[in-house]
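Trainee: I should like to go through this model with you, one question at a time.

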Amino acid sequence: MKRAENLKESFRYAFSGLRYAFVTQRNLRLHFFTAAFVMTLGWILNLPKREFIVVLAAIMVVMVAEMLNTAVEAVVDLASPEIHPLAQTAKDVAAGAVLLAAIGAALLGLWVFVPRLPSFGEEFMVRWNNERGVTILLLLVLVGILLMVIWLPRTWHGHPTSQDH
Ligand SMILES: Nc1ncnc2c1ncn2[C@@H]1O[C@H](COP(=O)(O)OP(=O)(O)OP(=O)(O)O)[C@@H](O)[C@H]1O
């Protein structure tokens, strides 16, 4: 069995896992783009700090659930490559956890953002007039993430089991 020799190695393996999940899991990439979009929207709408933190926590819960789901899928495929009812249970329950987290985050997002959307145009103009540089930078970052979400999987073959799901 391969073991991490020190803290640096542990981080390297952890980052490798993050990269693997990001590159191979379409849903995780979608969550990542949604997170960037929601945070930009929150910044434009001048969301109070406390609400920003709650939104951020919900985003993290969804992403962590998606990564654990990916780990469960890999372990199940290793332990039971053939069809088995328990393998199905494990994968379905893990997928259900992601769904639950995503529904919670979506409801929370609606609750926080919908009442503020009517003032979007006004708030955007305030940001645009006072902080044009940051606004343009954030919009460019969003486009960059979108391009990365679309193109990254085609350029990375760094893991023996990497394939787009
Ligand atoms: N070994 C197995 N035995 C029985 N059912 C399985 C098995 N592997 C997968 N399934 C069923 O197929 C579904 C899809 O499994 P799969 O491994 O393709 O996940 P996936 O669609 O790639 O998930 P994701 O989109 O999150 O990556 C599972 O939820 C489960 O119901």
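Mentor: Let us begin. This is a predicted model, in which local features need pLDDT of at least 70, side-chain atom pairs count only at pLDDT 80 or more, and totals for chains, interfaces and linings use all residues. Residues are numbered from 1 along each chain as its sequence is written.

Trainee: What span should helix α1 have, at 1.5 Å a residue?

Mentor: Helices are DSSP runs of H or I with at least four residues, numbered from the N terminus. The expected span is 1.5 Å times one less than the number of residues. Helix α1 holds 18 residues (7–24), and its end C-alpha atoms are 26 Å apart, which agrees with the expected 26 Å.

Trainee: Which element gives the largest share of the largest nonpolar core?

Mentor: Such a core is a set of buried Ala, Val, Leu, Ile, Met, Phe, Trp, Tyr and Cys residues joined through C-beta atoms within 7 Å. The largest one has 19 residues. Two or more residues each come from α1, α2 (26–44), α3 (49–79) and α4 (85–113). The largest share, 6 residues, comes from α3.

Trainee: Is E66 buried or exposed?

Mentor: A residue is buried if 20 or more other C-beta atoms, placed from the backbone, lie within 10 Å of its own, exposed if 12 or fewer, and partly exposed in between. E66 is found in helix α3, and UniProt, in an unreviewed entry, places the feature "binding site" there; such annotations may be inferred rather than shown by experiment. Because E66 has 25 C-beta neighbours inside 10 Å, it counts as buried.
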